[in-house]
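Please look at the model below with its chains coloured separately, and follow the text from the interior outwards to the contacts between the chains.

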Amino acid sequence: MIVADRKPFDEIMGMIESCERILLVGCNECVTVCAAGGAKEVALLASQIRMKRKAEGRPVEVDEKTLERQCDPEYVNPLAETLEGYDAVLSIACGCGVQLIAETCRGLRVLPGLNTRFMGVTEEHGMWAERCQGCGDCVLDRTGGICPVTRCAKSIMNGPCGGSQNGECELRQDTPCAWQLIIDRLKASGELSRYGEIAKPRDWSTSRDGGPRKRIREDMRI
Amino acid sequence: MTAPGNLERVLTSGGFAVTAECGPPRGADPELIRKKGGYLKGFVDAVNVTDNQTAVVRMSSMASCLILKEMGFDPVLQMTVRDRSRIALQSDILGAAALGIRNILCLSGDHQSFGDHPGAKNVYDIDSIQFIDMARAMRDEGRLSSGAEITVRPEIFIGCVENPFADPFDIRALRLAKKIGAGARFVQTQCVFNVEKFTRWMEMVRDLGLHEKAHILAGITPMKSPGMARYMKNSVPGMDVPDHLVERMASVPKEGHREEGVAICLETIERVRAIEGVAGIHIMAIEWEEIVPDIVRRAGLETRP
Ligand code: SF4
Ligand code: SF4
C-alpha cells in the first residue's frame, strides 16, 4: 500500500489562508488503511480547520467527501461537476490522487494535505515500513525475498557494506541491515552459494531514472 | 604500458608497504595539502586522499592527488560510489589516468546522513564491487560499462577496502573474494584495534587464498585521547575498539594520551606484521598526519624500498 503522513496542521492552514470555502477530499484505499486520509481523517481535519478559523474570526466553510479511489477517473470525473463555488480542493489522498484531481478539475486550486511517503506494509498495528521502490525489474528471486534496492540505505546489490553491525544498518535508528537479512535468508534456504556471484550493475532505466513511467495494455483499451 | 607506480612496485616486489591517509581541507587552500604531504615525504610508499569522507564536503580527492603527485608522491585516489553515477565515475577514471594518478581505491562511501549535507540526494548507481569490475574492464578490456570502446586505456592499479569488523563476520572474507574476483589487487582494511578478530579474519582470507591474489594492508589509526577511542567505539559505523583499549587510554594522565595512542598503534603494527598474508600497513592518522613519521620510524619501517 501507499503510506502517507498528514502534513503539519499549520502548513495546511497556510495553504488555505485566503480561502472561504473549500472541499476536503479523502480516499477509501491505502490512506484509509494507514489512517492518514480516509473518511475518519477527513471529518477530523475538517472540524479542526473550522474551529481554528472560527477562533481567528475568519470562518471557512469546509465540505467533506471521501472517494472510493482518488487515483481513478471513474470516481474523480463525477467530482469535477460538483466544484462550483469552491476556492480550493484540499486532498488528503496520496500524491497520485491529488494530481488526478488537479488534472480533472482544471481552473481550481488543488492542495495536498498529506506527505506521501512510501510503498510498504503494515509491520504492526500503527507501524508501517517501506518495502518496494517500484524499480521495474524485480530481483527478489535472487535476494531471499528481501529488497536491496529499497531496504539497503545504499541500494547495494553486492552487500553488505562495511557499516553493517549487529544486524543493524549503519544508519542505525533501528533500521535492520537488508544484507544481514538477505544472508540470513539465503543461509536458511541453503542458497548461500549464490552469494559468490557478482550481481551486475542494474539497468535503472526501468526505474524512475528512465523518466516518468507509463503502462499500456492495448487489449484493455476501449 | 608505462612502468608501474610506486605502490604497485613495492607490493609486487614483496616489500612491506606503508601507506598513509591525507584528509583534504574544507577549503581551497593547496598549501594545506602540501603541508600534510611535507610530513609524509620519505616515510610512505603512497598517500591516499579521502573522498568527502563521512560525507563531509572537502577539497576533491582528484585535485588533492594531483598536488601530492607534483610533490613526488604516488597518490591513491579514493572514489566512492555515493556521489557519482557510472558516467561520472568512468569519466573521472579516465581523467585520473590522464593526470598520471595510477591508484584507484573503490568504496561505497559513508551514507550522506552522517555528513554536513544530510539533505543531499545520494547516487549509488553501482556498488563498490561493480565499480571495481567496471574499472578493471576499462583497463583490461578497453571498454566502458556500456560496451563502448575506449581509445586509450587507463593504466590503473585497482584497490578496495574491507572491514573485517563488520557483520555478518562469516561472510567478510567471502565478500573480499568478490572484490578480488572483480579485479581489486590491493586491499586497505578498516582500522585494526581488535587484533584477535583481525587475526581470525586473516585466517579466513588465507583459507580462500586471497592473500596470494591481492596485497592486504592493515589499517592503523593512532588514538589521540580516550574521548576519541570512545567516539570511534560508539559512533563510527563498523568500528571495533575493544573496551580494554578504551580503558588503557583513559588510565594514563592527559599529557600521556597521545604517547599511549602511539604505543598501542606500534604494538598493533608489530602484531599485524607477524600475520601471514599481511603485505603492509595503511596509517590513517585522522587530522594528525604529523605523527606518521614518528610511527614509521619507531616501527622500524623508515627505510622505504
Ligand atoms: S527489486 Fe524493485 S520491484 Fe522488487 S521489491 Fe525491490 S524495488 Fe520493488
Ligand atoms: S549497513 Fe546494510 S543496509 Fe545499511 S547501507 Fe550497509 S549494506 Fe545497506
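Leaving out residues up to four places away in sequence, which residues does I281(B) touch? In this predicted model, I281(B) is in contact with F16(B), A17(B), V18(B), T19(B), L217(B), A218(B), I220(B), I269(B), V272(B) and L301(B). I281(B) is also one of the residues with the most contacts inside the largest nonpolar core, which comprises 72 residues, and it shares that standing with V44(B), F131(B), L176(B), F198(B), W201(B) and I283(B). The element that gives the most to this core is helix 5 of chain B, spanning residues 128–140, with 6 residues. Separate from it is a second core of 26 residues, with I12(A), M15(A), L90(A) and I92(A) among its members.

In chain A, M13(A) can be found in helix 1, which covers residues 9–15. M13(A) counts as buried because its relative accessible area is 8%, under the 20% limit used for that term. Once its neighbours within four places in sequence are set aside, M13(A) is in contact with I49(A), K52(A) and R53(A). For the last of these, the separation in sequence is 40 residues, while the C-alpha atoms of M13(A) and R53(A) lie 8.7 Å apart in space.

Returning to chain B, helix 3 (residues 61–70) has S61(B), M62(B), S64(B), C65(B), I67(B) and L68(B) as its buried residues. These buried residues pack against two helices, helix 2 (30–40) and helix 4 (86–98), and against strand 1 (17–22), strand 2 (46–49) and strand 3 (75–80), in chain B. Just after helix 3 of chain B comes G72(B), which adopts a positive phi of about 100°.

The charged side chains give another view of how the parts are connected. In general terms, side chains of opposite charge can pair when their charged atoms come close. Over all chains the count is 41 salt bridges, and one of them joins R84(B) to D51(B), with the closest N and O atoms 2.7 Å apart. Because R84(B) lies in the loop between strand 3 and helix 4 of chain B, and D51(B) in the loop between strand 2 and helix 3 of chain B, this pair ties together parts that are 33 residues apart in sequence. Both partners are buried, R84(B) with a relative accessible area of 16% and D51(B) with one of 7%.

A salt bridge with an N to O distance of 2.8 Å is formed by the side chains of R82(B) and D83(B). Here R82(B) is buried, at a relative accessible area of 2%, whereas D83(B) is partly exposed at 38%. A further salt bridge, at 3.8 Å from N to O, pairs D294(B) with R297(B). These two residues are separated by about one helical turn because they are 3 residues apart in helix 11 (residues 292–298) of chain B. D294(B) is partly exposed, with a relative accessible area of 28%, and R297(B) is likewise partly exposed, at 42%.

Where do the two chains meet? D125(B), in the loop between strand 4 (103–107) and helix 5 of chain B, offers one place to begin. D125(B) is buried, its relative accessible area being 12%, and its side chain makes a polar contact of 2.7 Å with the side chain of R86(B). Apart from residues up to four places away in sequence, D125(B) touches V81(B), S85(B) and R86(B) in chain B, together with W204(A) from chain A.

Taken as a whole, the interface brings 29 residues of chain A into contact with 31 residues of chain B. Between them the chains bury about 2,400 Å², of which 52% is on carbon and sulfur atoms. On the side of chain A, K154(A), Y195(A) and I198(A) supply 22% of the area buried against chain B, more than any other three residues.

Polar and charged groups also take part, with 21 residue pairs in polar contact between chain A and chain B and 2 salt bridges between the chains. The side of chain A that touches chain B has 12 nonpolar, 9 polar and 8 charged residues. A salt bridge with an N to O distance of 2.7 Å joins D170(B) to K187(A). In addition, K200(A) belongs to a network of salt bridges that also links D133(B), R136(B), E141(B) and R143(B).

Notes
Residues are numbered from 1 along each chain as its sequence is written. Chains are lettered from A and ligands numbered from 1 in the order in which they are written. This is a predicted model: local features need pLDDT of at least 70, side-chain atom pairs count only at pLDDT 80 or more; totals for chains, interfaces and linings use all residues. Side-chain values use heavy atoms; hydrogens and water are left out. A nonpolar core is a set of buried Ala, Val, Leu, Ile, Met, Phe, Trp, Tyr and Cys residues joined through side-chain atoms within 4.5 Å. Buried means under 20% relative accessible area, exposed over 50%, partly exposed in between (1.4 Å probe, protein chains only). Helices (H or I, at least four residues) and strands (E, at least two) are DSSP runs, numbered from the N terminus. Contact means heavy atoms within 4.5 Å. Buried area is the accessible area (1.4 Å probe) that two parts lose on being put together, summed over both. A salt bridge is a side-chain nitrogen of Lys or Arg within 4 Å of a carboxyl oxygen of Asp or Glu. A polar contact is a pair of N or O atoms within 3.5 Å; within protein, one must be able to donate a hydrogen and the other to accept it, and residues adjacent in sequence count only if both atoms are side-chain atoms. Ala, Val, Leu, Ile, Met, Phe, Trp, Tyr, Cys and Pro count as nonpolar, Asp, Glu, Lys and Arg as charged, and the others, Gly among them, as polar.
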